[in-house]
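Trainee: I'd love to go through this structure with you, one place at a time. Could we start with backbone angles and then move on to helices, strands and the pocket?

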Amino acid sequence: MNVDEQKAAEALLGRYLSEHLNGRNDDVLEEFIHPDFVHHTDETALGFENTEPDLEGIKAGMVEMREKLDPTYEFEIVKWEDDWVHLNWTFHGVHRGTVMGLEATNKPFTIHYTGRTRFKDGRIIDAQNEWDPAATLEVVKAQIYS
């Protein structure tokens, strides 16, 4: 990607964060996600019911995430590599529902993870987050049970 395309992609990510992830507006998701989008992250350890990789499954998964974890997100761009952007993510949540086998505590927690996102035709076509479910569980338990 050239610099102008990277800047446009960064602006799109900023809108995705403010309007969809933190703004909780699922009606705008199609503006950000390419029709051929693939989510490469295995999130089965969360124990969510909605795990389908298509657009409707992503929307349903986000609704479930909001109900159980009341999330807000932040990201920092680490570097560009061709048409992939590498990101550091911060996830702030409130443990409102059963996740990873843990009954709700209504306590806040924060986790950090890395990811990378690829763009095509001005929208997100691939996303992959790197996280270790066992390590994440230990971090969350330390925060919600303290």
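**A guided tour in questions**

Mentor: Gladly! Met 100 is a good starting place, in the loop between β3 and β4. Do keep in mind that this is a predicted model.

Trainee: Is Met 100 buried or exposed?

Mentor: The cut-off for buried is under 20% relative accessible area. Met 100 has a relative accessibility of 18%, so this residue counts as buried.

Trainee: What is the phi of Met 100?

Mentor: Most residues other than glycine have a negative phi. Met 100 is not a glycine, yet its phi is positive, at about 55°.

Trainee: Which loop holds Asp 121, and is Asp 121 buried or exposed?

Mentor: Asp 121 has a positive phi of about 55° and is not a glycine. Its place is in the loop between β4 and β5. Exposed means over 50%, and Asp 121 has a relative accessible area of 63%, so the word for this residue is exposed.

Trainee: On to the helices. How far apart are the end C-alpha atoms of α1?

Mentor: α1 has 19 residues, which at 1.5 Å a residue should span 27 Å. The model agrees with that expectation, with the end C-alpha atoms of α1 separated by 25 Å.

Trainee: Which residue caps the N-terminal end of α1?

Mentor: Look for a side-chain oxygen that lies 3.0 Å from the backbone nitrogen of Asp 4. The residue that supplies this oxygen, and caps the helix, is Asn 2.

Trainee: And α3, what does it reach from its first C-alpha to its last?

Mentor: With 15 residues, α3 would be expected to cover 21 Å at 1.5 Å a residue. The model comes close to this, as α3 reaches 20 Å.

Trainee: Which elements do the buried residues of α3 pack against?

Mentor: Among the buried residues of α3 are Gly 57, Ile 58, Met 62, Met 65 and Leu 69, and charged side chains such as Lys 59 and Glu 64 belong to the list too. Their packing partners are α1, α2, β1, β2, β3 and β4.

Trainee: Which residue follows α3, with a positive phi?

Mentor: Step just past the helix and you find a phi near 40°. The residue there is Asp 70.

Trainee: Now the strands. Which side chain makes a polar contact with the side chain of Glu 74?

Mentor: Glu 74 sits in strand β2, residues 72-81, and is partly exposed at 42% relative accessible area. Leaving aside neighbours within four places in sequence, its contacts include Leu 17, Trp 89 and Thr 90. The polar contact, at 2.7 Å, is with the side chain of His 92.

Trainee: Is Thr 117 buried or exposed?

Mentor: Thr 117 belongs to strand β4. Among the residues it touches, not counting those up to four places away in sequence, are Trp 84, Val 85, Leu 87 and Ile 124. Its relative accessible area is 7%, and with the cut-off at under 20%, Thr 117 is buried.

Trainee: Which backbone nitrogen does the side chain of Thr 41 reach?

Mentor: Thr 41 lies in the loop between β1 and α3 and is buried, at 10% relative accessible area. Leaving aside neighbours within four places in sequence, it is in contact with Ala 127, Gln 128, Asn 129 and Trp 131. At 2.6 Å, its side chain reaches the backbone nitrogen of Asn 129.

Trainee: How far apart in space are Val 140 and Pro 108?

Mentor: Val 140 is in helix α4 and is buried, at 9% relative accessible area. Leaving aside neighbours within four places in sequence, its contacts are Leu 102, Phe 109 and Ile 111. Val 140 and Pro 108 are 32 residues apart in sequence, and C-alpha to C-alpha they are separated by 9.0 Å.

Trainee: Last stop, the largest pocket. How many residues line it, and which lie nearest its centre?

Mentor: The largest pocket holds about 1100 Å³ of space. Elements giving two or more residues to its lining include α1, α3 and β4. The lining has 47 residues, and nearest the centre lie His 39, Glu 43, Leu 46, Met 65 and Asn 129.

Trainee: How many of the lining residues are nonpolar?

Mentor: The lining divides into three groups, with five charged residues and 13 polar ones. The nonpolar group numbers 29.

Terms used:
Residues are numbered from 1 along each chain as its sequence is written. This is a predicted model: local features need pLDDT of at least 70, side-chain atom pairs count only at pLDDT 80 or more; totals for chains, interfaces and linings use all residues. Side-chain values use heavy atoms; hydrogens and water are left out. Helices (H or I, at least four residues) and strands (E, at least two) are DSSP runs, numbered from the N terminus. Buried means under 20% relative accessible area, exposed over 50%, partly exposed in between (1.4 Å probe, protein chains only). Contact means heavy atoms within 4.5 Å. A polar contact is a pair of N or O atoms within 3.5 Å; within protein, one must be able to donate a hydrogen and the other to accept it, and residues adjacent in sequence count only if both atoms are side-chain atoms. On a 1 Å grid over the protein atoms alone, a cavity is a set of points where a 1.4 Å probe fits but cannot get out, and a pocket is an open set with protein on both sides within 12 Å along at least five of seven lines; lining residues have an atom within 4 Å of a point. Grid points are joined across faces, edges and corners, and a volume is the space filled by probe spheres set on the points. Ala, Val, Leu, Ile, Met, Phe, Trp, Tyr, Cys and Pro count as nonpolar, Asp, Glu, Lys and Arg as charged, and the others, Gly among them, as polar. The expected span of a helix is 1.5 Å times one less than its number of residues.
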